[in-house]
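Biologist: I would like to learn how to read a ligand site and a surface patch. Where should we start?

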Amino acid sequence: MFDHLLSSVRIGSLDLKNRIVVAPMGVEIAEGDGRVREPVLAYYAERARGGAGLIITENTSVGYPKGANSAHELGVSDDSFLPGLRALAEAVHAEGGRIAIQLAHHGKVARLDSQQGRDLIMPSVPEAHFRPTGPLDLTLDEMRAMGRAAGPGHPTIRSATPEDLEEIVGAFASAAQRAQSAGFDGVELHAAHGYIFSEFLSPAWNRRTDMYGGALENRARLLCDTLVACREAVGNDFPLWCRVDAQEFRQPGGIVFEEALKTARLAEKAGADAIHVSAYAPPLGAGFTEGPIVHTPGGYVDYAAQMKAQLSIPVIAVGRISPELGDSLIRDGRADLIAMGRPMLADPELPAKLKRRERGSIRPCVYCYTCVAQPFFDRRVRCAVNPLTANENELSDRLKKRSRERKNVVIVGGGPAGLEAARVACLRGHKVTLFEQQSQLGGTLRLAALVYRPNEELLDWFLETLSQSDVDIRLGQTMQVSDVVNCAADVVIIASGSGREPSTIKGSEKSHVFDGDSLRALLSGGVDSSERRELKLFPRALVAVGRFLGLLRTPAQVRWLSRWYMPMGQKVAIVGGGLVGIELAEFLAERGRRVTVIEKSKVAASEMAHPRRWRALHDVRELGVTLVMEATVEEITDTQVLYERILDNGQKERVWLEADTVIQTLGSIPNSELPDLVRTAGVEPICIGDCTGVGYIEGAIHDGFHAALSIGED
Ligand SMILES: Cc1cc2nc3c(=O)[nH]c(=O)nc-3n(C[C@H](O)[C@H](O)[C@H](O)COP(=O)(O)O)c2cc1C
C-alpha cells in the first residue's frame, strides 16, 4: 500500500505531503549561462506533477561561473538569476510541489574553472592526482569528449586561502538568501561527492595544518561555518540542511562512516534541519557505481539507519531504493524520507502512481547509466527508457495531444522498439495492430532480461502497459502482405529486429556452438520451434519438462532454474565482447562456468554507457572471466577454439583455448526483406530499432517513441 512512504512529514518548518524526494540531479538542461528557461521549467514541473513530496534541484552553483562544474549547471550567484529561479519555484508550486535548491561549489571538479582558465580550489594541493590502477575501459571517442569537457591545458590547483574560504562562505549565505527570496522551500548544502565541503571533510584531500585541517572538528569547520552563515541569512524558520558522504570508497585515508556520523552531529549542532546520506568514490572506474551512483540496491540504507538512530533531525536516505524498500525503511524507523534519482528520470509519475495503487504501471529504471554518462561529456541527460526526460518542453505536449486523424497502424515485431511504438501510437489515439512471430512479446529484451535482472522489470512494464491498452496483439503470427491490406494500414512500422550475419568462422556449424538467439531459445524452452540445432535427448527432455511445468515462463524463473541446471558445458568461450557478450559472461560465470570472452576491439562492451561498462567489466573480472582483447577467432573444434591476438609489442600470437561450449554474439545485419514486402502492398514502411542497425534498448525505445509520435502530425 506504501502508506508509510506516502505519509506526510516535516523538515524544520516545511510540511511535505509525502516522503518521496526527487534526488538532486545535474541534468544540464540550462543553455550554457546557468539561467532557468522553459526547458528547465518543463523538466521540474513534470516531476512536481508526478507527486513527489519534495524536489531537490540539481547542484546549483553559488559562484557561477566560479566553482561550477559545467556551463549547463544552474547558477544562483547574483540577483540576475532571480527571475528564472522565481519562475522555477512558481512552476513547481503551481503543480502542488515543494522545491529545495541544492547549493554547490565543485572544488577540484569545477570544470568550468578549468575551461575558463581559473585555478581549482582545494583544501590543499594533492600530492598526486588520482590515477586509475586498472584499465580505463573507455573508448577513444569517450576519452576525447571527456577531455573537451575538462577544457584545454592542465588546471592549476591552489590551496584555498582564508580569503577564498571567506568568499565561499559568503557566496553560500547570499545564495541561500536569494533562493529564499525566489520562493524556494528549503536549501540543501552539497557537502558530498568530492566537492568543496567533502574535500575539506576528507583526510585524504585535506592536509591543512591550520584551523581547517587536522581533527574532524577543524575539517568540518568550513561546512559548519557555512551552515551558521546560511542560517543567519535565512532565519530560523527556513529549512536548511546538508548532504554528506557516509563513506569515501576506494580512497585510502578517505572519509569513514564513524567520522561521517560525527560530521552529521556537528551539522545538526550548527543548525541543519535534516541530513541527506549519500557516499562517494573516485569518479573514474567502477568506484563511480559505488558512490555516488550506487549499483547495489539499497546500498546506503544502513548508513542512513545508523545516522537516524543517533540524530534527532530527519534523515533522507538515497541510493537505488525501490518503493517497497523505501516504505519498509520508513515503517521500521530507519529513515524519514526517501530520495530517488534515476527512478524519477525513468518515471516522474512514480509517487502519483503509488498513490493511485498502480505500482505495475511505473516505468522502471533499468540502471543502465545512460543518464549519468552524459554529464561526463558536458551533455544533457538522457534516459534510455523515457525519451521525454530532459525533453519535456519539446515533447510532453506532443505526446499528450491525441492525433487529429485516427490512423491504422501496423507494427511488425514485439521487441522494445515495437512495444514502445505500439504504446505511444495507441496513447495518441491510433488503431494499433502488433504482429509478433514468437509466442511471447519481448524480442531481444527477453535475452536482455534473462542476463540482467532490471531489464525484466522493463519487460514486465511493457507487458502490463500493453495489456491495459487497446493494442491488438497477434502473437505467433508472421505478418503477411495480406495483413497490411486487411488492417487497411495507413502506417506500417517495422521493428522486427536484425538478421544475424552468418558466421564465417570454421566450425561454427557444430552443435556446441550457439548464437544469442539460440541460447535464449534453449534456456527458455523455445527449442523445438526456433532452435535449429539438435540438442542431445536428455537436455531436450529436461527443457521440455521445465516448459511443461511452467518453470521457464519468465526470465526470473529461467534465471533461478539455470542456477541448478543449464544444458551446456563448463568451459565456455564467448566470441564477441560487446554488451551481449559481457552480460552473458556474467550470467554464465555466476552459474559456475569458466568463461573466456574473445573480443576484436580494445574496449569491451563499448555499447554500454561507460559507467555501466565499468561496473559490468569489474564484476566479470571479479567472477574470474578472462577477457581476451584485440583477438580474432579462426576456428572452432569439438573441444577447442583457435584465436589470434595482437600482443603489447605488436606481435601476433595464436592460442588454442579449451572450450566445450561456444557462444557467438557476432554481427547483426539490417533486415531488408520485410520492408520490400510491405512496399508491394503500396505502403512505405517506417523501419526502426535493430532492423536498421543495432541500437540496443535505448536506441530501440527512442526510435519506437519518435516513430509513433510523428504519425498523423503532418
Ligand atoms: C544524472 C544524475 C545526475 C546527478 N547529479 C547530482 C547532483 O547534481 N547533486 C547530487 O548531490 N547528486 C547528484 N546525483 C546523485 C543522485 O542524487 C543520487 O544520489 C544517486 O543517483 C543515487 O540515487 P538513485 O539510485 O535513486 O539514482 C546525480 C545522479 C544522476 C543519475
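Modeller: A residue counts as near a molecule if one of its heavy atoms lies within 4 Å of it. In this predicted model, local features need pLDDT of at least 70, side-chain atom pairs count only at pLDDT 80 or more, and totals for chains, interfaces and linings use all residues. Residues are numbered from 1 along each chain as its sequence is written, and side-chain values use heavy atoms, with hydrogens and water left out.

Biologist: How many residues surround the ligand?

Modeller: The ligand is surrounded by 21 residues, and the closest are Pro24, Arg243, Arg320, Gly341 and Arg342.

Biologist: Which polar backbone atoms does the ligand approach?

Modeller: A polar contact is a pair of N or O atoms within 3.5 Å. A ligand nitrogen is 2.8 Å from a polar backbone atom of Gly26, and a ligand oxygen is 2.8 Å from one of Gly341. The protein covers 96% of the 600 Å² of accessible area that the ligand has on its own (Shrake-Rupley method, 1.4 Å probe).

Biologist: Why is Leu284 called partly exposed?

Modeller: Buried means under 20% relative accessible area, exposed over 50%, and partly exposed in between (1.4 Å probe, protein chains only). Leu284 is partly exposed because its relative accessible area is 31%.

Biologist: Which residues form a nonpolar patch on the surface with Leu284?

Modeller: Patch residues have over 30% relative accessible area and no salt bridge, and nonpolar side chains are joined within 5 Å; a salt bridge is a side-chain nitrogen of Lys or Arg within 4 Å of a carboxyl oxygen of Asp or Glu. Here Leu136, Leu140 and Met143 join Leu284, with about 310 Å² of accessible area together.

Terms used:
Polar contact = N/O pair within 3.5 Å; in protein donor to acceptor, adjacent residues only side chain to side chain. Patch = residues over 30% accessible without salt bridge, like charges linked within 9 Å, V, L, I, M, F, W, Y side chains within 5 Å.
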